Amino acid sequence: MLEYLSFSLIIQLLVNGILFGTMYGIAAIGLSLIFGTMRIIFLAQGTMIIFLAYVCYWIFKLLGIDPYLSLVFVIPLSLLLGAGLYHTLFREAAGLEDKNISLLIAVGLMFLVENLMMVIWTANPRSITTSYTILSFRPMGINVSFTRLMGLFMAVISTACVLLFLKKTLIGMAVRAASENIISATLVGISPHRVNAVAFAIGIGLAGIAGVGLATIYPFDPYFGFIFALKAMISLAIGGIGSVFGALFGGILLGLLESLASFFFSGGWSDALSYAAFLIVLMFKPEGLFVRSIQKV
Amino acid sequence: MENHLLEVRGVDVSYGDVQALWDVSIHVDEGTIVALVGANGSGKTTLLKTISGVIHAEGGEIFFSGKSIAKLKAQEVVDMGISHVPEGRGLFSDLTVLENLKLGAYLPRARPLFAESLERAYSLFPVLQARKGQKAGSLSGGEQQMLAIARAMMAQPNLLMLDEPSLGLSPIFVRTLFELISALNRQKVTLLLVEQNVHQALKIAHQAYVLKIGRIVMAGRGDELLADTEVQKAYIGERWRKR
């Protein structure tokens, strides 16, 4: 196999890794925000991404609306869905000391949505085929597909928007404050429900964007969601909880690792290696690679 | 019933099976400084947390400006006009000084007054203006305490509760801090103060309560308690008595 190895092939693998890794990255940013205020890993994140990919698929199939144009519906829908999920499912449990209850709700939600999707759309993989699905650019002999490039573009834009929101708006600051110290946050008048709902809205909003990105690039089925959530979790562990950039870079690193591993070894090894990377990072740098410092006990 | 700004009446608080406060009653009048003193673990911090709604009492009542607040959540109590600077200051250390101050004025009723409040905070604590872009976690202990008080004041409270504000500060800064508390009081801010620095606290307090393992064991004017030999023996120690 190594005789085929060339400089441009390596670059190709790296480009593929980065392009797909950004999808993990935005899923991980969503996980990070929800973890920040709720203190749970929202395991249903990947399933919500697949669900919103199906929504995009339906808008495309039934209404004939271009998937990128459908973002105009998918983003507001997923923001509302996020806030709605919080207020209906998590509101009561969020106040409890024991976070395992919220985690169980997330697991229950994941299986429910997964099975609903099975009933509605069956287990057959679906994909969106448009005029530009096979379109690609070849700068310097490297193949870059249009849909993947769009995925990267959407990820960068949405990361920038989330960062601006967290940095510049009062409610964004409140989310950051509550992530750091929820008691102090309530003492200045911040309602935990409000920041939790906002974190959920943005988390699921990002899932909507990732869903559209995914639907245009890959065939998907209902069970892909759980794997995706695991990959987002690995990205988060690599990048470090609590850093938006860290989550994105964690996703990109994971994408690179998988792309290289599936070429040099095999697809199966690529998954095994990504879980191994997850454990290795947690063993040696549990705060994540991109978090500058953390108080060690 | 007299018109106290804050009235705590017969409050019982437990952490699980352990009762921390027993039938505690105190009151705070508008425009005064009230000190709560007592040994570690006597329930001072618990009382402040109960008033601010961080924890809730099983028995008793709490009235603020004549309204019952015992059942309110912390974010609702601060909206009623009680700001609580918790022990350890409770700053958002990853956020900048200015962001902390902005969140101090998070309440809808405080937002329109943000510019005014910020000006007042900067005039009281000029160092905060110089450090406004810095992360709160990077400030010195004294500066952090100033920021915590300034942030609490951003909510335009009628009552400011400070939990151990002098903890961990240098002796020089402790003096500045007490001068500052008196200055705030002269600006018509009502204060409820928990202090380990009993001598200083009683010196500036109009009214004071002594807590002992969850019960109020003594109450009186600050100067009365300061002169009381029991209080001196128990909480102030030899070196202060000679003064």
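## The sheets of chain B, the A–B contact and selected residues of chain A

In chain B, the six strands E6-E7-E8-E3-E9-E10, taken in that order, make up an open sheet whose pairing is mixed, where strands are DSSP runs of E with at least two residues and helices are DSSP runs of H or I with at least four, both numbered from the N terminus, and where two strands count as paired if DSSP finds at least two bridges between them. The edges of this sheet are formed by E6 and by strand E10 (215–221) of chain B, each of which pairs on one side only. On average, and with direction ignored, neighbouring strands of the sheet are turned by 15 degrees against each other; axes here are lines fitted to C-alpha atoms, for helices over the stretch in contact, and angles run from 0 to 180 degrees between N-to-C directions.

This is a predicted model, in which local features need pLDDT of at least 70 and side-chain atom pairs count only at pLDDT 80 or more, whereas totals for chains, interfaces and linings use all residues. Residues are numbered from 1 along each chain as its sequence is written, chains are lettered from A and ligands numbered from 1 in the order in which they are written, and side-chain values use heavy atoms, with hydrogens and water left out.

Within the mixed sheet, strand E3 (residues 33–38) and strand E9 (residues 207–212) of chain B run parallel and are joined by five bridges, with Ala208(B) in E9(B) as the bridge partner of Ala35(B). Two helices pack on this sheet, contact being taken as heavy atoms within 4.5 Å. H1(B) touches E3, E6, E7, E8 and E9 of chain B, and its direction makes about 145 degrees with that of E7(B). H7(B) touches E3, E7 and E8 of chain B, with a direction at about 150 degrees to that of E8(B).

Strand E7 (residues 159–163) of chain B has five of its five residues buried, so it is largely enclosed by the rest of the structure; buried means under 20% relative accessible area, exposed means over 50%, and partly exposed lies in between, with a 1.4 Å probe and protein chains only. In a regular strand the side chains alternate between the two faces of the sheet. Accordingly, Leu159(B), Met161(B) and Asp163(B) point one way from E7(B), while Leu160(B) and Leu162(B) point the other way, and all are buried. On one flank, strand E6 (residues 82–85) of chain B runs parallel to E7(B) and is joined to it by four bridges, among them the pairing of Ile82(B) with Leu159(B). E7(B) also pairs in the parallel sense with strand E8 (residues 190–194) of chain B, over five bridges, and here Leu162(B) has Leu193(B) as its bridge partner. From E7(B) the chain passes through helix H7 (residues 171–186) of chain B to E8(B), and this β-α-β crossover is right-handed, in the sense that, with the strands pointing away from the viewer, the path from the first strand over the helix to the second runs clockwise.

Chain B also contains an open sheet of four strands in the order E2-E1-E4-E5, with antiparallel pairing. Strand E2 (18–28) and strand E5 (67–68) of chain B stand at its edges with a single partner strand each, so one side of each is left without a neighbour in the sheet. Strand E4 (residues 59–64) of chain B pairs with E5(B) in the antiparallel sense over two bridges, and the bridge partner of Phe64(B) in E5(B) is Lys67(B). Helix H1 (residues 44–52) of chain B packs on this sheet as well, touching strand E1 (6–15), E2 and E4 of chain B, with its direction at about 110 degrees to that of E1(B).

Between them, chain A and chain B bury about 1,900 Å², 64% of it on carbon and sulfur atoms, where buried area is the accessible area (1.4 Å probe) that two parts lose on being put together, summed over both. In chain A, Glu180(A), Leu187(A) and Val188(A) lose the most area to chain B, together 34% of what that side buries. The contact takes 21 residues from chain A and 22 residues from chain B.

Over all chains, the count of disulfides, meaning pairs of cysteine sulfur atoms within 2.5 Å, comes to zero. The sulfur of Cys56(A) is 19 Å from the closest cysteine sulfur, in Cys161(A), which is too far for a bond. Cys56(A) counts as buried because its relative accessibility is 0%, whereas Cys161(A), at 46%, counts as partly exposed.

Ser235(A), in helix H9 (residues 224–239) of chain A, is buried at 0% relative accessibility. Residues up to four places away in sequence not being counted, Ser235(A) touches Tyr24(A), Ala28(A), Ala247(A), Gly250(A), Gly251(A) and Leu254(A).
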